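Please consider the following structure with attention to its strand pairing and its nonpolar interior.

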Amino acid sequence: MRELLTDLEAGGAEPADPVARAQAALRPARPKRFYKDVTVGAAEGGFTLLLDGRPVRTPARNLLLVPTRALAEALAKEWDAQAREIDPLSMPLTRLANVAIDRVAPEADAVRDEVVRYAGTDMLFYRAEGPTALVERQARHWDPVLDWARETHGAPFFLSEGVCHVTQPGDSLARVAALLPGAALPLAAVHVMTTLTGSALVALAVAEGVIDADTAWQAAHVDEDWNRELWGEDEAATARRAARRVEMDAAVTALRLGADVAA
């Protein structure tokens, strides 16, 4: 199920690598905008988009249905902002909704299992042996999330220096599983955040409102930022990171605007 993030990133920014640019050139041309008006309509089970009065469907031909009018209106803004061509890169909420409906809903148990597996080897558990400044930076960004898991949900975890695997308590992983959303859209959002940050616990802390997107993003990039400060910035890596932040923000927005089904 990790290919869900690949689904979201498909059709992304201009690749820096020449081979990747050549591959991108072979992709089908973007479709022309074929509609004038974008509106939101109520439907059984939620709200949908209407293009010139006709409901929008996902790539698998399911109805593009979201739980709240606020989220449907956010999707409508993405569609209404399209110019002569439809650019999927500029529609991260729509792509996330499509993934939730077409991919996550039919395989929800597999998605939950993968998030729990991520939690078993969560980034937050594996600490640097040095230097001291990096160890302290990791603790500053990561320990509050671990404290929240332990104190609020009774889920303590073991830490390790370096990359030596440490087996986590089964009860703690069961508590992680219990925190996962039941509905497809918030589950898709948590899965995407887990994949983007490398931490199921960070993703769940965002979903629970314990930390915001900026705090989560900083926690996810402690090691990367350390290396950037030491060795300088890589232009291609910076572009990829910016594109992934767009997906992160879309996931957070979907959780916030679709909050009435997040349980």
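The paragraphs below begin with the strands and then turn to the core.

This is a predicted model. A suitable place to begin is strand E2 (residues 46-51), of whose six residues six are buried. The strand is therefore largely enclosed by the rest of the structure.

Strand E2 has several pairing partners. With strand E1 (residues 38-43), E2 pairs in the antiparallel sense over six bridges, and Leu49 in E2 is the bridge partner of Val40. Two residues lie between the strands of this hairpin, where Gly45 adopts a positive phi near 90°. Strand E3 (residues 54-55) also pairs with E2 in the antiparallel sense, over two bridges; here Arg54 of E3 is the bridge partner of Leu51. The hairpin of E2 and E3 likewise has two residues between its strands, and Asp52 takes a positive phi near 55°. Strand E4 (residues 65-66) is joined to E2 by two bridges, again in the antiparallel sense, with Leu65 of E4 opposite Thr48.

Attention now passes to the nonpolar interior. In soluble globular proteins, nonpolar side chains tend to be buried together. In this model, the largest nonpolar core comprises 75 residues, and Trp79, Leu124 and Phe157 have the most contacts inside it. Helix H8 (residues 184-197) gives the most to this core, contributing eight residues. Among the residues that Trp79 touches are Leu49 and Leu51, together with Val38, Val56 and Leu64.

A further residue to examine is Leu96, which is located in helix H4 (residues 92-104). Leu96 counts as buried because its relative accessibility is 2%, under the 20% limit. Its C-alpha atom is separated by 7.3 Å from that of Ala188, although the two residues are 92 residues apart along the chain.

Technical notes:
Residues are numbered from 1 along each chain as its sequence is written. This is a predicted model: local features need pLDDT of at least 70, side-chain atom pairs count only at pLDDT 80 or more; totals for chains, interfaces and linings use all residues. Side-chain values use heavy atoms; hydrogens and water are left out. A nonpolar core is a set of buried Ala, Val, Leu, Ile, Met, Phe, Trp, Tyr and Cys residues joined through side-chain atoms within 4.5 Å. Buried means under 20% relative accessible area, exposed over 50%, partly exposed in between (1.4 Å probe, protein chains only). Helices (H or I, at least four residues) and strands (E, at least two) are DSSP runs, numbered from the N terminus. Contact means heavy atoms within 4.5 Å. Two strands pair if DSSP finds at least two bridges between them. Lists of a residue's contacts leave out its neighbours within four places in sequence.
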